[in-house]
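Please open the model in your viewer, with the sequence panel alongside, and keep a selection tool at hand. The tour goes from one selection to the next and says at each stop what is there.

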Amino acid sequence: MSDDLSAALGELRRLLDHDLFPLEIGAVAEDRRARKELVGQLDDYLLPRLAAIDAPLLAVVGGSTGAGKSTLVNSLAGEDITQAGVLRPTTLAPTLVAHPEDAPWFLTMNVLPGLPRVTGAGLAEPGTLKVVTTAAVPSGLALLDAPDIDSVVTANRELAAQLLAAADLWLFVTTAARYADEVPWAFLRTARERSTALAVILQRTPRDAVEPVSRDLARLLEENGLGGTPLFVVPELDLPSESTRLPADTVAVIKEWLAGLSADARARGEVVRRTLSGALDSLAVRLPALADAVERQRGAEGHLRALAAKSYAAGMSAFDEGMRDGTLLRGEVLARWQDFIGTGDLMRALESRIGRIRDRVVAAIKGRPASGRELATALESGVESLIRAVADSSAERAVEAWLADAAGRDLLERSGVETAGRLGRASAELRGRAEKAVREWQGYVLELVSTEGGDRRGRARAASFGVNGLGLMLMLGVFASTGGLTGIEIGIAGGTTVLGQKVLEAVFGDQAVRRLTEEARDDLRRRVRELLDDEEARFAGLLDEVADPEALRAAAAAVHAHRLEIPEGTAL
């Protein structure tokens, strides 16, 4: 059923309605052009033609610069409709010539919906489609004068290719001097690959060269798989000016051929079905190639994500090392610990039994609430500083890694100097988020301590030491290694953290202390990992989600499966 074919094409069009190639990798310019051409052919030809199989034929008159396309259209119409002349490019906006009965079809946005319609006298603006009606053109067929396929203006070349892709029939115009040029043959080979209905018009041929040139052109058509293509020859004439129409007798055979085609509904239907079938068959080659290109984009996107992830994984490792190497226990934290618990006296007391000093520890913990708050603040500040430091280094590494990659470098350059500069350091929001995370972690540790007692006796024992003090000791236990300290700091920091552990073991037991320490450490790591994930997401934010190549392949398979379901039309 044609409904299934239309649905398959509609799904394909939906998948193509995205930037499939956001990354500068490989032959991305060619990939983007291929996608644009596919979208254009779907919008301009396949979908509207399938929806209205009996609509008038669109014959696009295309060819090289100076081939006489506009002159030919004016001559076939019998009046000056399009502008012809010596200035190049002459055709700045395409002109469509149709019979008045066919005007409603072409004036609405059925075909070439991206080109606004213009009517009336005067020149049309570039980017529009001028529609002219005349009874000189047979009903059932319209002529469209396209820009040069080899125009010096890029937009004109692209528009010419778009218009040819929207045609039911190509009227390809060339000259005796240009018929062997490569650019026209690239288009003609595309017509062959897509089975597009085609006629070739050889113009401006010296009379004594008509036979050898036309024979050579026929040979080239045969060699390029286009044997049997209708070939019309218009000899060179001595015209008063470039804008003069050709004598009626020189284009009579072309006009009669077009009139016969338009008058024969079956012949028109065959042209439509041939071109439509060829366009559908071409998707079997073009779509897999496009899906392969999308696959490469996905691989490049994954590589950039992996570079950012690796940079922030290194940052997480640096945070882990910062927890283990004891550097968090130096400086302000160490000083506040001494204020809090009276390090010197307690160090000497370590030589005695822990039970003998427990009362003094309890007194120290309960008797110095201000010092406890200062210790908690110093520890909080130290952890926050470590988080910001590893976030800064992670961001710097990620930017450096992207700059070393062509696709990443392009993304950063397109994002602008300001954005790239911000990406190279921790975000402005990290400070506030880190402060919140550390405070919540400290609250979590206090909750661990307060709930660990278990039975009434255990809770009473924990309460006797003070939950805040025990919580601070557990926090310090998370950073108990002294690998980063030297000299007197090792003796003091190491001794005091050992003391804290002994006190905790006296309250909870050694196995519980080890478990509590691991739980506190794991919870802090989880919170830091979340912060770094948010920082890493800034890089992912520059990456558009690349389409799924398998979805494109599935859509291509669906179109291929229903490609023969072209409606017959009322004339067939």
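What follows begins with the whole chain, goes on to pairs of helices and ends with single residues.

**The whole chain**

Before selecting anything, bear in mind that this is a predicted model. Colour the chain by secondary structure, and you should be able to count 21 helices and eight strands. If you then colour by accessibility, 49% of the 572 residues count as buried, while the accessible surface of the chain comes to about 25,400 Å², with 52% of that area belonging to carbon and sulfur atoms. How many of the contacts between residues at least 6 apart in sequence join residues at least 24 apart? The share is 81%, a figure to keep in mind while moving between the sequence panel and the structure.

**Helices α9 and α20**

Select residues 265–324, which form helix α9, together with residues 510–540, which form helix α20; their axes come within 10 Å and cross at roughly 150°. An angle over 145 degrees counts as roughly antiparallel, and α9 and α20 are therefore roughly antiparallel to each other. The crossing in which α9 passes α20 is right-handed. To see the contact itself, show side chains on the α9 side for residues including Tyr312, Met316, Phe319 and Met323, and on the α20 side for residues including Leu524, Val528, Leu532 and Phe539. Charged residues are listed there too, among them Arg305 and Asp320 in α9 and Arg521, Arg525, Glu535 and Glu536 in α20. Taken by class, the residues of this contact of α9 with α20 are 12 nonpolar, one polar and eight charged.

**Helices α2 and α9**

Keep α9 selected and add residues 28–51, which make up helix α2; here the two helices pack at an angle of about 145°, with their axes 10 Å apart. In this pair, α2 passes α9 in a left-handed crossing. Residues of α2 that make the contact include Val28, Ala34, Leu38, Tyr45, Leu46 and Leu50, and on the α9 side they include Val272, Leu276, Leu280, Leu283, Leu287 and Leu290. The contact of α2 with α9 divides into 14 nonpolar, three polar and six charged residues.

**Helices α3 and α8**

Now clear the selection and pick residues 69–77, helix α3, with residues 248–263, helix α8, whose axes lie 10 Å apart and which pack at an angle of about 70°. Since angles of 65 to 115 degrees count as roughly perpendicular, α3 and α8 are therefore roughly perpendicular to each other. The crossing of α3 and α8 is right-handed. The residues to display are Leu72, Ser75 and Leu76 in α3, which meet Val251, Ile254, Lys255 and Leu258 in α8. By class, this contact of α3 with α8 has five nonpolar residues, one polar and one charged.

**Arg13**

Go next to helix α1, residues 2–16, and select Arg13 within it. Is Arg13 buried or exposed? Its relative accessible area is 18%, and because buried means under 20%, Arg13 is buried. Leaving aside neighbours within four places in sequence, Arg13 is in contact with Val39, Leu42, Asp43 and Leu47. A distance drawn from the C-alpha atom of Arg13 to that of Gly40, 27 residues apart along the chain, should read 9.9 Å.

**Ser195 and Arg204**

Most residues other than glycine have a negative phi. Select Ser195, where phi is near 55°, a positive value; Ser195 sits in the loop between α6 (182–193) and β7 (197–205) and counts as partly exposed at 30% relative accessibility. Then move to Arg204, which is found in strand β7 and whose phi is also positive, near 55°. Arg204 is partly exposed, with a relative accessible area of 30%.

**Ala161 and Gly421**

For the last two stops, select Ala161 in helix α5, residues 154–165. Ala161 is partly exposed at 27% relative accessible area, and its C-alpha atom is 6.9 Å from that of Ile149, with 12 residues separating the two in sequence. Finally, select Gly421 in helix α15, residues 417–423. Gly421 counts as partly exposed at 31% relative accessibility, and the C-alpha distance from Gly421 to Val399, 22 residues apart in sequence, is 9.0 Å.

Note on methods. Residues numbered from 1 in each chain as written. Predicted model: local features only at pLDDT ≥ 70, side-chain atom pairs only at ≥ 80, totals over all residues. Heavy atoms only, no water. Helix = DSSP H or I, 4+ residues; strand = E, 2+ residues; numbered from the N terminus. Buried < 20%, exposed > 50% of the residue type's maximum accessible area, 1.4 Å probe, protein only. Contact = heavy atoms within 4.5 Å. Areas by Shrake-Rupley, 256 points an atom, 1.4 Å probe, with all protein chains shown as cover. Axes fitted to C-alpha atoms, helices over the stretch in contact; angles between N-to-C directions. Parallel < 35°, antiparallel > 145°, perpendicular 65-115°, else oblique. Left-handed = near helix turned anticlockwise from the far one by under 90°. Nonpolar A, V, L, I, M, F, W, Y, C, P; charged D, E, K, R; others polar.
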